[in-house]
Amino acid sequence: MITFSIALVVLVLGYLLYGKFVESVVKPDDSPTPAVAMADGVDFLVLPGWKIFMIQFLNIAGTGPIFGAIMGAKFGPVAYLWIVFGCIFAGATHDYLSGMLSLRNKGAGLPELVGKYLGNATKKVMLVFSVLLLVMVGVVFVYSPAEILHSIWGPSTLWILVIFGYYVTATMLPIDKIIGKFYPIFAFALLFMAVALMVCLFIKMPVLPELWDHFSNLGAERLELQDSIFPALFITVACGAISGFHATQSPLMARCMKHEKQGRPIFYGAMITEGVVALIWATVAMYFFYNDPTPGYQLLTAAQASGSHTSAPAVVNIVCNDWLGLVGGILALLGVVAAPITSGDTAFRSARLIIADFLKMEQRTIRRRLFISLPIFAGAILMLFWQMENPDGFNIIWQYFGWANQTLAVFTLWTLTVYLVREKKPYIITLIPALFMTTVCSTFLFISKQAFGLNPTLAYSLGGVAFVVAVVWFCVWMRREGAKGLRSKD
């Protein structure tokens, strides 16, 4: 619990100190925001700052900081390092700068920003890549909450139809009709769950492995987890540290902000808050995996007897019911179910807006919104049917989503690096995370059985080659940028 307490303090200090530094790099001013200059009453409209924060937090959270942190906790307390430092120096910086860049580019979506700084060819790749990722998010976040609701009452097919019907409605309506009214309530439920669990942890004060005692991969030692810390940990724990999906959500809120100075609490602050949630769930999971002298596994006896195992949903259900009581369990369950649903509908909304930006098609009328949305929903339905028919369909989609999600963050970080270089700002704040995540995603692609499945030695070597290539590419590009700058002065 000492490592957890220190990590919690460091996250807060990260927002207060490093977050302030990153904000000083951007220098927010009083320029008219897209919500003011381009108001359309549908996607561009001013919302209160506190409400934007709650919506942004719920949009980016999903089940990522819960399930990802639980699975990441199997590696042991080393997961704390990635959650804390990944969140402060990579994730929150990524979210803040991508949100502010969208804010200063008329609320542009991620492919538009990538195209502006990395070229039109990359823009087209990112258009397809980001829309596919968003559809995968929507499909994953139809199935997982439906399964949770099915465990309470009713067939999962019924819940899938209900959730998908809601997605269609929320995607088509103006952002203040459903999202603006109900998301703050769901965000409160998710935050309540996290705070309540943190209080329970400090009351129980379980004896957990500390970072200085167990720096190695405890999962391989105790749970026979075959994945190595690098790169598996950095793919497994995404939303609690850095997630490319967030850069597709930030433009939604950039179109609702009245002042640029709201950026740090909304973008950087929401990511730090998500890091806190991930930290809490990682600690709760370590209680189940490593509590000494009596592991929390005995609480899972009933679940194991019914055929379940120590999966992330099993841990969540037992914790909510056993630790928080009836009322707390209901609120916690509301948060666990609402989080993926609310991320799913904004994923479809983001896909609609990204395609609309590419086609330069305004979205004031329902007819135009339908024109873009129908093909998106048709593709999602096909993927959903495949997932339901394939026994391992959910796991396959989730694995590809995890890699695609982090790869999207790589593109965003390189976009932000180019932006900072051209603006003559300290680009090192995104260059280091960009190089690190490039190496992580490349290595995972080479070593993963779902991709190339190469020998670990060869996979790590190729990951190192990817790092060197990225460094050389950046140095060559910097040299050309410098030459362009000299020619423009002449």
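Reader: Where is Lys-27 in the chain?

Author: Lys-27 sits in the loop between helix 1 and helix 2 (34–37). Keep in mind that this is a predicted model.

Reader: Why is Lys-27 called exposed?

Author: Its relative accessible area is 55%, and exposed means over 50%, so Lys-27 earns the word. Lys-27 also has a phi near 60 degrees, a positive value in a residue other than glycine.

Reader: What about Lys-424, and why is that residue called exposed?

Author: Lys-424 has a relative accessible area of 74%. The cut-off is over 50%, so Lys-424 is exposed. You'll find Lys-424 in the loop between helix 17 (393–422) and helix 18 (428–447). Its phi is positive, about 55 degrees, although Lys-424 is not a glycine.

Reader: How do you know whether Glu-210 is buried or exposed?

Author: Glu-210 has a relative accessible area of 10%, and buried means under 20%, so Glu-210 goes down as buried. Glu-210 belongs to the loop between helix 9 (179–204) and helix 10 (218–223).

Reader: What makes the link between Met-1 and Glu-210 a polar contact?

Author: The backbone nitrogen of Met-1 lies 2.9 Å from a polar atom of the Glu-210 side chain. A polar contact needs a pair of N or O atoms within 3.5 Å, one able to donate a hydrogen and the other to accept it. The Met-1 and Glu-210 pair therefore fits. Leaving out residues up to four places away in sequence, Glu-210 touches Met-1, Ile-2, Thr-3 and Pro-77.

Reader: Why is Tyr-166 called partly exposed?

Author: Tyr-166 comes out at 22% relative accessible area. Buried would be under 20% and exposed over 50%, so Tyr-166 lands in between and is partly exposed. Tyr-166 is part of helix 8 (residues 156–172). Not counting residues up to four places away in sequence, Tyr-166 touches Ile-178, Tyr-183, Ile-341 and Asp-345.

Reader: How many aromatic pairs are there?

Author: The count comes to 26 aromatic pairs.

Reader: Why is the pair of Trp-82 and Phe-436 called tilted?

Author: Their ring centres are 5.8 Å apart and their planes are at 45 degrees. Rings pair if their centres lie within 6.5 Å; under 30 degrees is stacked, over 60 is edge-to-face, and the rest are tilted. So this pair is tilted. Trp-82 lies in helix 5 (residues 78–103) and Phe-436 in helix 18, so the pair ties together parts that are 354 residues apart in sequence. Trp-82 counts as buried because its relative accessibility is 8%, while Phe-436, at 32%, counts as partly exposed.

Reader: And what makes Phe-164 and Phe-348 edge-to-face?

Author: Here the ring centres are 6.1 Å apart and the planes are at 75 degrees. That is over 60, so the pair is edge-to-face. Phe-164 lies in helix 8 and Phe-348 in helix 15 (residues 312–359), so parts that are 184 residues apart in sequence are tied together. Phe-164 is buried, and so is Phe-348.

Reader: Which residues form an aromatic cluster with Trp-82?

Author: Trp-82 forms one cluster with Phe-230, Phe-234, Phe-436 and Tyr-460. The peptide bond from Phe-230 to Pro-231 is cis, with omega near 10 degrees.

Reader: One more: why does Leu-17 count as exposed?

Author: Leu-17 has 59% relative accessibility. Since exposed means over 50%, Leu-17 makes the cut. Together with Val-9, Val-12, Leu-13 and Leu-16, Leu-17 makes a nonpolar surface patch of about 460 Å².

Methods
Residues numbered from 1 in each chain as written. Predicted model: local features only at pLDDT ≥ 70, side-chain atom pairs only at ≥ 80, totals over all residues. Heavy atoms only, no water. Helix = DSSP H or I, 4+ residues; strand = E, 2+ residues; numbered from the N terminus. Buried < 20%, exposed > 50% of the residue type's maximum accessible area, 1.4 Å probe, protein only. Contact = heavy atoms within 4.5 Å. Patch = residues over 30% accessible without salt bridge, like charges linked within 9 Å, V, L, I, M, F, W, Y side chains within 5 Å. Areas by Shrake-Rupley, 256 points an atom, 1.4 Å probe, with all protein chains shown as cover. Salt bridge = Lys/Arg side-chain N within 4 Å of Asp/Glu carboxyl O. Phe/Tyr/Trp six-rings, centres within 6.5 Å; stacked < 30°, edge-to-face > 60°.
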